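Me: Please take a close look at the cysteines in this structure. I would like to know how they are paired and where they sit.

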Amino acid sequence: MELASGVGKGNQSNGQEFILLGFPGNQYVQISLSVVFTTTYVLTIAGNVAIIALVMVHPHLQMPMYFFLSNLSFLEIWYTTACVPKAITIFLGKSRTIPFLSCILQMYFIFTLGCTEFFLLTAMAYDRYLAICYPLHYSTIMSNTKSAQLALGSWVSGFAIVSYPTSLMAKMSFCGSNIINHFFCSTDSLVILSCSDTTPFQLAAFTMSTIVILGSCLITVVSYICIISTIVRIPSAEGRQKAFSTCSAHLIVVLMWYGSNIFLYVRFSTQNSLEINKIVNTLSIIITPLLNPFIYTLRNKEVKKAFWKIFSGTSS
């Protein structure tokens, strides 16, 4: 395969194309990967669209908790779309190249939507904290206006906070190899390829990751400490089970999402194995968005009830 033009001396970033390697393996492995990624992508889109449709049409789901869930589902659709279709073309051998500008934009949208997901999950944790710890005041505190403000703030914050690190990356020079050992434009791979001083970008990215991931994680942990302490004080077993069932799905998603992203991004060095990073990225970008609709459907009685009413043709 011939390397794209733009490899050489000096800053040729603006006209350069990168080559995405994807995963190693023969043609059988690549075809298998394309089938797996295509199947998970279709299921992810279908599952998350179904969640959005259920929340929109079912009166029992017109609540802040499900408003946040529909926002999360909408985000997951675009989060996977920013990466997976290009990855599938790589596995099929159709187009491994990606222009510099497209690479920067892909990186920006993936990390913007990732940060937005942290903020939305934090807002959902706060919503569950209010519902369980202050049930009598919940409807007053978490009004439709308040939930809309929290959701909008999550989206705006996600898009804003990634802008500065992305601008630093866009100014870097890439004058050596143009081969990215990944299935999307990851920051680790671009830092390795850059011939500029990457310290400002790495410092900005580390600071952003620490604030977004650990900051939101702290709020979520405190919320769940309060939630659990309230649940254990409920006298009846049935009451404890009902209270825990309203937040168990969210807790499962939080553990999967935070675990993979803390491993990937809360570190200053880029020396982790890129092969390991690709596997963990697959979990956060492909698997988690796929599992979210199924987790919320299986673990939430209201969503499950709405789902079966739609398919059985029963009116609400």
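Reply: What follows goes through the cysteines, bonded ones before unbonded ones. The model is a predicted one, and it holds 2 disulfides.

One disulfide is formed by C103 and C185, with sulfur atoms 2.0 Å apart. C103 lies in helix α4, whereas C185 is in the loop between β3 (179-180) and α8 (187-193), so this pair ties together parts that are 82 residues apart in sequence. The torsion about the S-S bond of C103 and C185 is about -125°, so the disulfide is left-handed. Both C103 and C185 are buried.

Another disulfide joins C175 to C195, with an S to S distance of 2.0 Å. C175 is in the loop between α7 (163-170) and β3, and C195 is in the loop between α8 and α9 (199-231); the pair links distant parts of the chain, 20 residues apart. C195 counts as partly exposed because its relative accessibility is 42%, and the partly exposed class runs from 20% to 50%.

With the bonded cysteines numbered in sequence order, the pairing reads 1-3, 2-4.

Why is C226 not bonded to C133? The closest cysteine sulfur to that of C226 is in C133, 5.6 Å away, which is too far for a bond, because a disulfide needs sulfur atoms within 2.5 Å. C226 is partly exposed, at 27% relative accessibility. C247 is in no disulfide either, and its nearest cysteine sulfur, that of C133, is 9.5 Å away. C247 has 0% relative accessibility, so this residue counts as buried.

Key
Residues numbered from 1 in each chain as written. Predicted model: local features only at pLDDT ≥ 70, side-chain atom pairs only at ≥ 80, totals over all residues. Heavy atoms only, no water. Helix = DSSP H or I, 4+ residues; strand = E, 2+ residues; numbered from the N terminus. Buried < 20%, exposed > 50% of the residue type's maximum accessible area, 1.4 Å probe, protein only.
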